[in-house]
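Q: I have a model open and would like to learn how to read it. Could you walk me through its features?

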Amino acid sequence: MKAVVETQPPATGLASELKRAGGDFLFAFRAMATPCEVRLESQDAELAGAVGRAVEAEARRIECKYSRYREDSIVSQINNSGGDEIIVDPETSDLLQFAANCFKISGGLFDITSGVLRRVWKFDGSDNVPDATQIKPLLASIGWEKVSWSPPVISLPAGMEIDMGGLAKEYAVDRALGAVREITSQPALVNFGGDLCVSGPRSSGARWKVAIESVEEDGRVAGLLELADGALATSGDARRFLLKNGIRYGHILDPRNGRPVKNTPRSVTVAARTCVEAGLTATLAMLHGKHAETFLKREGVRAWCVR
Amino acid sequence: MRIKKRRAGQIRESIASLSAGLLAATITPIAGSAVAQSYSNSDSNHNRDTFGPGIAYSELDSALLVYKEGDGRVQAIEPSTDLTVHGPAGQEISLGFVFDAVSGATPNGAVPSDLPQTFVTPVKAQGSTATVTSASGGSTIIHLPPSPGDLAAAALGRQYVVPANALPMDRGFHDHRWAINFGWSQPMGGLSEVGMGGGYSIEQDYRAITVNTRVAQNFNSNNTTVSLALNMELDSSFPYGGVPTPLTAMNPQWKSPSSRGKTQTGFVLSLTQIVTRHWLMQLNYSFDWQSGYQNDPYRILSVVDPSSGEPLSYLYENRPRERQTQSVFWENKFDFGPTVTDISLRYFKDDWGITSKTAELAERIDLSHSIYVEPSARWYQQSAANFFDYYLVQGQSLPAYATSDTRLGKFTSLTYGVKIGFKPTGRTEFYVRGDYYRQTGDGHPANAIGQLQQQNLFAGSKAAYVLIGYTWDFH
Amino acid sequence: MQRPSSQPMVRCGISLAVFFFALAMCSGCVAIGPKPWEKDLMARHEMQPDSYPLQTAADEHIYFSKEASSGGRGFAGGGCGCN
């Protein structure tokens, strides 16, 4: 499970920017605490503007709906329900059902109720590693099997929380791309902080070039990928970690014992048909710790691990 | 800390399936877009989309069949290969080759006798002195007196003797066949799939040309596929020694015409339905119409004495020029997790009086994520054609059509097999399959005459065969 | 021996084909089958209708040359002279 450990609430940056970049238009804005952009192969500024606004609107809609930092979000309503039954809308129902299925497939490793661990784990690069007495009480409030979920009705026992942070960004990328396709069939690339999806190859048939950032903090480029179709998602601990007594604790926590997974790769980038699939697979790979590469190879996933 | 060990790729497939479902439910893909294709999760064939969307890939399949019947009868070796290239938008193009080499002894259609019998047949090269498989066939080349009025040199024939109480078989059987086939399909217009294909097969005494076309449409979130395929085949038979006049006496002279043709047209209407998460079924109806030369030009029937049952002469067989066939085929596949069960039934009926029933069962068991074993069994039963007879009787009027070919007779067959497969990587597979096939029939009919009561008239065979295969996906 | 008339057979064939098609159309209207996210098992290669085409071709060739019936899954012609 990807512990959601934002150290600050998402910035509600309102500034968005449309500019030319090579033969494309690039529309950039900030949402979900990451820089977001959509790159459209077109010479039409008006079309690019319309596409950019549609993508931004979809990103903000999903952020408002699923961010646990906003009191009016569905997630906050569910978390503050105190055990009452909540009837959710179809989109939320699909997402919760998806999370439930992932919980089953992953044998309990992917669990959206594990967000409570952020109360004791703060991955700010310091050495504040919590001990067992701090972690243990939280384990009672973790476990999707304790949630009563019968679509479309969810009932969370008191003290438990759900967190869509592990899914929302990738889901937003896929939905944003769908919004672009409803407006135009020009080649487009939607990228929210490194989780991206393309609508297909460029007009010339060439592939999109995507630079993979190095895990070192020197801003170098670790590699260049070429993508004809589908999505990429990256799971990594470049900025979120704790360091104590020479041991690096990555931010991927095992919901079954509340502790970080050991020997995870520094980063895993997965290519798949959709961003949701890529993101979930990257998360599962990280959860395998030192067996991440074996897991990816056995499943036949196109992925790149950096150790 | 490891997710419970499962079959390779299963987790990825589940995640892919779930993600596609999550997004399909909330996004309407634009029809015709390449990525929209990738949301659909079940193509009727070739669903190994393991390279991701928009990436063309190829599959190379090859196989080798080694086949051998008991009692020194037919044996064959048949390598085959097929290359299919998948384009990024659901296009497929394929090319395949088959070669087979067949040899051995094959029943010539006559009944056994308590005295030795002598048969003659044309040699393969008209007017030549080339010997024909006499090393293995035990035949001798004989010189025949020229026909009256024929000023040409004496013709050659091939003569062989069958011992008493043995099923008469021609041991000089020997043939090579080469075949090529190609196909192309892709989504087109509003249809899920439109395709065409053709093939050409040539052997020493037969040629077949086939063309076919197919359209298919998916419904119901790709849970249902309906397709219609049409095919046409043009065959030409050019037997050694020319085409014999049916129901005339066996003789080794070269005859005319030298070749005869046959046309076959038909269609297959198919419904494939994913019924539940675990159960896939396919129901097919096929209809075929054949018109032209249907005889086996080498096959004879014995004409026997009405009281002693001794063979007196031999006549070439004759089958109707036209044949219509229909069949209904139903296949079910069940995925129970570690096993996949495949059950199929077929009912066949034609206007030659033949009806047949087939039932097949295979159970694939995964021993680990890279090895499986699959035992299988097949039961088959057919009735005789209405012009089938083990022999003809001297003095009775000649029927219009007659054959003693076991293939058109009444029998039951059973096949038992086991297959073992290895998948060293997600992209390659290697398998070995061994089968045993046996035909059983009534060789002692109640109305057998004279010495035939002591003979086994059933000429069915038993065979063992091994198939070795290798498949490789790459791009 | 007279060859029996093929008329009844053709009629039987046509009515079977019509029934068949109606069945197909019906199944399209009544949404039978799993939801898209339940089709994980169907993605298995061995759950496809003809997962080993060369194996099927070898079997069909053997049965075509030893038996009177052919086809069912595909076309009834053998493409060779073995029958």
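**Confidence, then fold**

A: Gladly; let us begin with confidence. This is a predicted model, and within chain B the mean pLDDT is lowest, at 27, for helix α2 (residues 34-39) of chain B and highest, at 97, for strand β18 (residues 371-382) of chain B.

Q: Over which residues of chain B is the pLDDT below 50, and how many contacts does this stretch have beyond near neighbours in sequence?

A: Residues 26-54 of chain B fall below 50, and the model gives that stretch 78 contacts beyond near neighbours in sequence. Residues 149-154 of chain B also stay under 50, with five contacts beyond four places in sequence. As for chain B as a whole, the average pLDDT is 84, and 84% of its residues score at least 70.

Q: Now chain A: how many helices and strands are there?

A: Chain A has seven helices and 17 strands. Of its 307 residues, 47% count as buried. For contacts in chain A between residues at least 6 apart in sequence, 62% link residues at least 24 apart.

Q: What span does helix α3 of chain A reach?

A: One compares the distance between the end C-alphas with the expected span. Helix α3 (residues 90-105) of chain A, with 16 residues, reaches 22 Å from first C-alpha to last, close to the 22 Å expected at 1.5 Å a residue.

Q: Which residues of α3(A) are buried?

A: Among them are A:Leu95, A:Leu96, A:Phe98, A:Phe103 and A:Ile105, and the list also includes A:Asp94 and A:Asn101. Just after α3(A) comes A:Gly107, with a positive phi of about 65°.

Terms used. Residues numbered from 1 in each chain as written. Chains lettered and ligands numbered in written order. Predicted model: local features only at pLDDT ≥ 70, side-chain atom pairs only at ≥ 80, totals over all residues. pLDDT = per-residue confidence, 0-100. Helix = DSSP H or I, 4+ residues; strand = E, 2+ residues; numbered from the N terminus. Contact = placed C-beta atoms within 7 Å. Buried ≥ 20, exposed ≤ 12 C-beta atoms within 10 Å, placed from the backbone. Expected span 1.5 Å × (residues − 1).
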